[in-house]
Amino acid sequence: MNMRRMLLIVIPALFVLTNAVSFFIFQSGRTVQQSYNMMLDRVLLYKQIDAETRSNLSAVNVYLTDRSERSRQIYQEHQSQLRKLQAELNAQDAIPTTELSVRSYRNLLETFLAQESGILQALSGKTPLAYANSYAAAEKTAGFIQEEAYRLIDQELSYYQPLYRSILAQTDRMNQWGVALFIFSTLISVLLAYWISLRITRPIRQLARTARQISDGNLQVKPPVMKSRDEFRILSEAFVQMQDNLKSLIRKEKEGLEKDRLVKELELEVLQNQINPHFLFNSLNVLSKLALIEGAEKTSDLTVTMSNLLRYNLRKLDRPVPLRDEVEHAKEYFTIQQARFRDRIRFVTDIEEKALDVLVPVLTLQPLLENVFVHGIEGMEEGAEVRLAVSAMPGGTRIAISDNGIGMSEEVRRSLLDTDAPRLRDQGGGEARHSAGHSTGLGTRNVFKRLELFYDRKDLIDIVSEPGKGTTVLLNIPAARKEDGHVSSADRR
């Protein structure tokens, strides 16, 4: 049995057992309390009726003496209170042994109220002392009510006495069971906690000792063997597998290091044969001057443009530049492309000068223009148009690069905007298939990712495109950016 199943069985069992005994003790006490409350309510009612009967009789006596309106009001108030008590008595359920006595008690109370009414009727008659007999009868009935109330109270106490003793004995037994269960559950809990902690801490100490030795580089240590079929046996087997994997990785790492050493030696040999970029710049400048001397002005200008383009592309990608430099670089790039495509393509710009002072990552516009040529308009024989629009907006600058090429599907559009998703290898997803020979190697999603990192925002880019209807890439450049942000050169798509 694993640790989880054992805990799920033992702990709920102890919990249910303890709560069951607690519930029985609570229910027994509740029954006693309810019975006691019922008896006490009836006893108090009998006492209140007795006291209110005497108060009624006293109020009648006062009224007979002074016959004032105030005394009559006091008597009526007492009589109203007595009738309320009578209604409560009639609503009470009597116990079996006092049913006849309660009925007699109710009749006595009704007789007393009738006799009081007779006193007032006799008082309003012509005979002066006609009320005396009614008053004497009412006084006698009040005495009977008092005696009957005491007798009912004695019967109530006699009836409930055996029941209380039985319930109290049962409660005492339940209390004893509760104490025994508390002691038993405490002992079981202590023993169980000790046993569980021993089963947990001992394998953990052994595994920790093994892990410490492995971390010190001793891969030959043998992990502890766990006989129980629980999680610790799985951990021990995982340690064995981890040791085997580490040994295999170390062996492969040694082989890889040897291969890397050989590759580095070959790379050094290749690097020795590569052209120095400064030598390439100087050579391009010489070719430009030579073309100018020979009268080939367009060739000279194109060579200078190519030199500037190459120099700009060799900048560090983690340094921002003004948007003005990016626009100029984009124009030089288009000059090179127009020399290739000639009249098949037209480049249209709509630039606001006041919007060119914001900072952007280097090589932001050129990769997007490359994507236009490679995926949008390269296959068009004529009528191709690329538009670059830069406009100032409240809080920043808006850049729009649009073309009238083949467009892209919704799946490709979503993939380009999701910079964290796996990259696509088909149209619009990367330049590896089409542009390995004429690209900076920076993909569209790479540019988008660098913009997000540079401005620490993800709401800067949008793409509007449909198949056959061209594409528009929208960049919303904020006026301010994070202070410590340097754009990291992300992996190529």
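These are my notebook entries on a predicted model, taken element by element.

**Entry 1, helix α1 and its contact along the chain.** I began with Phe15, which I found in helix α1, residues 3-66. Its relative accessible area is 55%, and because exposed means over 50%, I noted Phe15 as exposed. I then looked up the separation of Phe15 from Ser185, and their C-alpha atoms are 9.2 Å from each other although the two residues stand 170 residues apart along the chain.

**Entry 2, helix α2.** I checked whether the length of helix α2, residues 69-91, agrees with its residue count: at 1.5 Å a residue its 23 residues should span 33 Å, and the end C-alpha atoms are indeed 33 Å apart. I listed the buried residues of α2 as Ser71, Tyr75, Gln79, Leu82, Leu85, Gln86 and Leu89. For reading that list I kept in mind that an α-helix has 3.6 residues a turn, so residues three or four places apart point the same way.

**Entry 3, residues 177-196 and the nonpolar patch.** I took from UniProt, in an unreviewed entry, the feature "transmembrane region" at residues 177-196. In the model this span is 100% helix and 0% strand, and its end C-alpha atoms lie 27 Å apart. On the surface I looked up a nonpolar patch of about 420 Å², which is made by Val179, Phe182, Ile183 and Leu187. Of these patch residues I followed up Val179, which has its place in helix α4, residues 131-215. Val179 has 49% relative accessibility and therefore counts as partly exposed.

**Entry 4, strand β7 and its partners.** I turned next to strand β7, residues 471-478, and recorded that this strand is mostly covered, with six of its eight residues buried. Strand β5, residues 396-403, runs antiparallel to β7 and is joined to it by eight bridges; as one pair I noted Arg398, whose bridge partner in β7 is Asn476. Strand β6, residues 461-465, also pairs with β7 in the antiparallel sense, here over five bridges, and for Val464 I found Thr472 as the bridge partner in β7.

**Entry 5, the hairpin.** What lies between the strands of the β6 and β7 hairpin, and which residue there takes a positive phi? I found five residues between the two strands, and in this hairpin Gly468 takes a positive phi near 85°.

Terms used. Residues are numbered from 1 along each chain as its sequence is written. This is a predicted model: local features need pLDDT of at least 70, side-chain atom pairs count only at pLDDT 80 or more; totals for chains, interfaces and linings use all residues. Side-chain values use heavy atoms; hydrogens and water are left out. Patches are made of residues with over 30% relative accessible area and no salt bridge: like charges are joined within 9 Å, nonpolar side chains (Val, Leu, Ile, Met, Phe, Trp, Tyr) within 5 Å. Accessible areas come from the Shrake-Rupley method with a 1.4 Å probe; for residues, only the protein chains shown count as cover. A salt bridge is a side-chain nitrogen of Lys or Arg within 4 Å of a carboxyl oxygen of Asp or Glu. Buried means under 20% relative accessible area, exposed over 50%, partly exposed in between (1.4 Å probe, protein chains only). UniProt positions are given in the numbering used here, feature names are shortened, and annotations may be inferred rather than shown by experiment. The expected span of a helix is 1.5 Å times one less than its number of residues. Two strands pair if DSSP finds at least two bridges between them.
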